[in-house]
Amino acid sequence: MSDPTDADRLAQRNANTLAFMRELPHAKALGMEVTEAADGRAVTQMDYDPRFIGDPETGVIHGGAVSALMDTCCGAAVMSHPDNPGTTATLDLRIDYMRPAKPGDRITATATVYNMTRTVAFVRAFATDKDTARPVATATGAFTIQGGT
């Protein structure tokens with residue numbers, strides 16, 4: 001059997017990232033689904049759930065649930081980056097809320113690593129509901145780069 005190629009190693013990293021993110025307790029509790037994680041980009045979705053309503057009068061999802069979705073998505077993007085030798089943790093995450101997500105809509109977060117140093121990954125993200133032309137929230141963050149095993 002031949003040694004794995006770079007493409008094989010990258011494919012395995014992406015598969016490991018998806019498997020790891022699916023096992024996070026908070027991601028499971030919030031019903032998050034990491035649908036894509038490859039090459040420093042990730043997509044994570046969360047269905048509308050009445051348990052996460054922040055305003056009972058409007059049915060709008062609490063900003064904390066949106067924050068958790070975006071943070072998880074950013075982490076998946078960092079973990080899937082080809083230059084990340086291991087895992088990650090959030091150092092800083094700024095989220096700007098643009099508008100409430102429409103009650104009943106699934107929320108989708110998309111994150112991209114735009115710069116990597118030896119110890120820090122810098123990420124941009126946005127979240128949308130069915131109206132993909134108008135973001136619910138945007139985020140920028142810094143994440144640790146922690147060595148592999």
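Phe122 is partly exposed, with 27% relative accessible area (buried is under 20%, exposed over 50%, partly exposed in between; 1.4 Å probe, protein chains only). The model is predicted: local features need pLDDT of at least 70, side-chain atom pairs count only at pLDDT 80 or more, and totals for chains, interfaces and linings use all residues. Residues are numbered from 1 along each chain as its sequence is written, and side-chain values use heavy atoms, leaving out hydrogens and water.

**Aromatic contacts**
- The structure holds one aromatic pair (ring centres of Phe, Tyr or Trp, the last by its six-membered ring, within 6.5 Å).
- Tyr114 and Phe122 form this pair, with centres 6.4 Å apart.
- Their planes meet at 45°, so the pair is tilted (under 30 degrees is stacked, over 60 edge-to-face, the rest tilted).
- Tyr114 is partly exposed, at 41% relative accessibility.
- Arg124 places its charged end over the Tyr114 ring, 3.6 Å from the ring centre (criterion: NZ of Lys or CZ of Arg within 6 Å of the centre and within 35 degrees of the ring normal).

**Sheet**
- Six strands (DSSP runs of E, at least two residues, numbered from the N terminus) make an open antiparallel sheet, ordered β1-β2-β6-β7-β8-β5.
- β1 (32–38) and β5 (90–97) are the edge strands, each pairing on one side only (pairing takes at least two DSSP bridges).
- Neighbouring strands are turned by 15° against each other on average, direction ignored (axes are lines fitted to C-alpha atoms).

**β2 and β6**
- β2 (residues 41–46) and β6 (residues 107–116) run antiparallel and are joined by six bridges.
- Arg41 has Thr112 of β6 as its bridge partner.

Terms used:
Helices (H or I, at least four residues) and strands (E, at least two) are DSSP runs, numbered from the N terminus. Axes are lines fitted to C-alpha atoms, for helices over the stretch in contact, and angles run from 0 to 180 degrees between N-to-C directions.
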